[in-house]
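Visitor: Hi, I've just opened this one and could use a hand finding my way around. Can you walk me through it?

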Amino acid sequence: MSAATTRSRTARTPAPDRLCAEAVDLARAAAEEAAAPGVVGEHVGLVSEGDRVVTHYFESKEPGYRGWRWAVTVARASRAKNVTLDETVLLPGDDALLAPEWVPWSERLRPGDMGPGDLLPTEAEDPRLEPGWTGEDEPLPNSAVSDVSQELAALVDVEDAELTTRPSTSRGSIASVAEELGTRRARVLSRYGLRLAADRWDEEFGARTPMAQAAPASCVTCAFLVPMAGSLKQAFGVCANEFAPADGRVVSLSYGCGGHSEAAVMPKSPRAPHALDTMQVDDYSLRPADDSGSGPSQPDGTTEDLGHS
């Protein structure tokens, strides 16, 4: 016998054990004990799992588990006639109704999902964030730089004696300056977080959008653009045009729309000339001219001839 023939027979699934295959009633009783009453259906088949090991499958009538099957595995020891129970489990079939693959909540969230009262925690090692001011840059207490800083702080305290300062910080310290500038935060955006935000804003209101492609001009020359602070001001701003599609949104400087402030300036309406010239004086004769034809050039006769006085 060749080696190839030996390997093929060894890898081939053994035939089901006769006693294990006939233990349908034992398998059904085990399935009915594990399941609720009346949810174990007909016997739909069996599979040989190994030498003297067989799994029986029963139809499941459990509501919501369409296509699932009760799998009961039985086994028999060598030279033994008694079949024993191995395990009972509910398994999905080929056409089983399965739940969608589980996705972490942080990946399921979409913009606009948060409502009033919802909390969105951030991970301690969130790559979008990095530590803010931590005090690591403060000079050592006994260093020369620390002495100079203390002298400067003392001078500032003397000059600004009337100002009220927080007891936790001293004037002139890094913590005080950071607090006045509004940058004393435990964590700030990292470069990775800034890049993600920039990509997201540019995708929604950037130069590649259909609105920007059809715009007469870009936002960089629009009067409705409110510049941003920090490093993002070189590429983004906030739209302040109430009629624009991006009103109140962060837009790229290369974005544009039909509401550009200089795109379509309405022309001034021309002043129509007066129908009558009221500034010119017109002379009108009280009597018609002799040659105008409006009256006789000579009277027909004297008034005495008609008997008038």
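Visitor: Which residues make the nonpolar surface patch?
Guide: In this predicted model, W105, L109, M114 and L120 make a nonpolar patch of about 370 Å² on the surface.

Visitor: And where is L109 found?
Guide: L109 sits in the loop between α4 (105-108) and β5 (129-131).

Visitor: Is L109 buried, exposed or partly exposed?
Guide: L109 counts as partly exposed, because its relative accessibility is 34% and that class runs between 20% and 50%.

Visitor: New topic: how many aromatic pairs turn up in the whole structure?
Guide: Searching the whole structure gives three aromatic pairs. One of them joins Y65 and W68 edge-to-face, with 5.2 Å centre to centre and 85° between the planes.

Visitor: What about cover: is W68 buried or exposed?
Guide: W68 is buried, at a relative accessible area of 17%. Y65 is partly exposed, at 35%.

Visitor: Got another pair for me?
Guide: Sure, W201 and F236 also pair edge-to-face, at 5.6 Å centre to centre with 80° between the planes.

Visitor: Which parts of the chain does that pair link?
Guide: Distant ones: W201 is in helix α7 (residues 191-204) and F236 is in strand β8 (residues 236-239), 35 residues apart. F236 is buried with a relative accessible area of 6%, while W201 is partly exposed at 22%.

Visitor: Last one: what lies over the face of Y57?
Guide: That's R69, at 4.2 Å from the ring centre of Y57.

Notes. Residues numbered from 1 in each chain as written. Predicted model: local features only at pLDDT ≥ 70, side-chain atom pairs only at ≥ 80, totals over all residues. Heavy atoms only, no water. Phe/Tyr/Trp six-rings, centres within 6.5 Å; stacked < 30°, edge-to-face > 60°. Buried < 20%, exposed > 50% of the residue type's maximum accessible area, 1.4 Å probe, protein only. Helix = DSSP H or I, 4+ residues; strand = E, 2+ residues; numbered from the N terminus. Lys NZ or Arg CZ within 6 Å of the ring centre and 35° of its normal. Patch = residues over 30% accessible without salt bridge, like charges linked within 9 Å, V, L, I, M, F, W, Y side chains within 5 Å. Areas by Shrake-Rupley, 256 points an atom, 1.4 Å probe, with all protein chains shown as cover. Salt bridge = Lys/Arg side-chain N within 4 Å of Asp/Glu carboxyl O.
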